[in-house]
Amino acid sequence: MKETIHVPVTRPDVGFYTDVAYAHRMNAWNYHLLPLHLHIMKPAAPAFAPEDPCPVVLWLVGGGFQGCASMRHIPNLLPYAEAGYAVVSAEYRVSGFAPYPAAVQDVKTAIRFLRVYQRDLGLDASRMVVMGESAGADLAALAGLTGDREDFGTTDFPGVSDKVSGVVDLYGPADLLSMPGAAPEAGKNPYENAGIGLFLGDYPSQCPDRARQASPITYVHRDAPPFLIFHGTADPVVPAEQNLQLYDALQAAGAQADLYLVEGAGHASPEFFQPEIQQRILAFLKGLLG
């Protein structure tokens with residue numbers, strides 16, 4: 001069979017550019033050097049075009065602070081790139097390589113790197129929302145709430161702002177001291193909540209000051225960037241109460257926040273990557289980034 005067909009272009013071309021190194025880090029014991037990468041998905045024509053830069057969605061994958069499979073959700077993030085945003089998935093150090101505050105410092109370094117090299121990458125990193133899931137949402141919220149503060153300062157790119165325009169929080173912890181497994185219990189496996197314990201270096205109850213420092217709710221303030229929060233009502237890992245607390249704190253401080261409780265959704269369940277939620281996120285991005 002031979003046929004001439006007309007194919008209308010209804011979806012934009014999207015390019016994926018992997019393994020852009022933004023930092024090299026020694027581990028906590030100073031004998032292993034780790035490169036940290038960014039993976040960039042953006043409208044591809046032209047690929048890196050300084051004359052038409054894209055606003056940025058910095059994506060932080062979850063993994064219980066123990067893993068960072070930074071390409072895991074790339075297919076689920078395609079709608080944001082198709083809408084004209086550069087989706088940048090950032091690797092960060094996990095607890096087995098370097099504990100808190102290493103991961104937060106890495107996120108802030110990635111923000112600054114994108115601003116320093118935005119012209120080379122075809123980005124407008126002055127317009128940036130940071131979005132994360134689970135442990136990545138904890139890091140996203142911390143980065144958003146502590147923009148340009150010295151709490152997690154590094155020597156990378158001094159003088160470059162790490163403030164962001166907004167935060168999208170998908171089922172992240174907000175108060176590590178009130179998380180399940182925050183304190184040792186008789187008869188319980190001491191590694192029941194190993195992710196947070198390894199991240200902090202001990203049970204949160206045994207290092208309360210450090211746990212508070214690593215909790216987004218600690219840094220809520222009136223001038224916080226706008227937050228868009230989603231959490232499943234049936235989340236067995238991070239209770240929905242975590243983000244109810246964060247939402248209430250943001251509201252009480254006078255900051256802008258919207259919280260959507262997803263009925264029956266669990267932790268990192270498919271509901272969070274469905275069109276209904278993606279459209280709400282796209283509306284949030286458009287309102288902040290254009």
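Q: A salt bridge here is a side-chain nitrogen of Lys or Arg within 4 Å of a carboxyl oxygen of Asp or Glu; which residues are linked in a network of them?
A: Arg-25, Arg-93, Asp-106 and Asp-156 form that network. Applied to the structure as a whole, the rule gives a count of twelve salt bridges. Bear in mind that this is a predicted model, where local features need pLDDT of at least 70 and side-chain atom pairs count only at pLDDT 80 or more, while totals for chains, interfaces and linings use all residues. Residues are numbered from 1 along each chain as its sequence is written, and side-chain values use heavy atoms, with hydrogens and water left out.

Q: What makes the contact between Arg-127 and Asp-124 a salt bridge?
A: Their side chains meet at 2.7 Å, N to O. That value is within the cut-off, so the name applies. In general, side chains of opposite charge can pair when their charged atoms come close.

Q: How do you know whether Asp-124 is buried or exposed?
A: Buried means under 20% relative accessible area, exposed means over 50%, and partly exposed is in between (1.4 Å probe, protein chains only). Asp-124 has 17%, so it's buried. Its partner Arg-127 has 28%, so Arg-127 is partly exposed.

Q: Why is Arg-222 called exposed?
A: Because its relative accessibility is 60%, and Asp-223 is exposed too, at 58%. These two form a salt bridge, with the closest N and O atoms 3.7 Å apart. Asp-151 and Arg-149 form another, at 2.6 Å; Asp-151 has 36% and so counts as partly exposed, and Arg-149, at 37%, is partly exposed as well.

Q: What makes strand 1 and strand 8 edge strands?
A: Some terms come before the answer: strands (E, at least two residues) and helices (H or I, at least four) are DSSP runs, numbered from the N terminus, and two strands pair if DSSP finds at least two bridges between them. The open sheet has eight strands in the order 1-2-4-3-5-6-7-8, with mixed pairing. Strand 1 (14–26) and strand 8 (257–262) each pair on one side only, which puts them at the edges.

Q: How do you know that strand 1 and strand 2 pair?
A: Ten bridges join strand 1 to strand 2 (residues 33–43), in the antiparallel sense. At least two are needed, so they pair. One of the matches is Val-14 with Pro-43 in strand 2.

Q: What makes strand 6 largely enclosed by the rest of the structure?
A: Five of its five residues are buried, so the description fits. Gly-166, Val-168 and Leu-170 cover one side, and Val-167 and Asp-169 are buried on the other. Strand 6 also runs parallel to strand 5, joined by five bridges, and parallel to strand 7, joined by four. Val-168 is the bridge partner of Met-131.

Q: Why is the crossover from strand 5 through helix 4 to strand 6 given a handedness, and which one?
A: A crossover is right-handed if, with the strands pointing away from the viewer, the path from the first strand over the helix to the second runs clockwise. This β-α-β crossover is right-handed.
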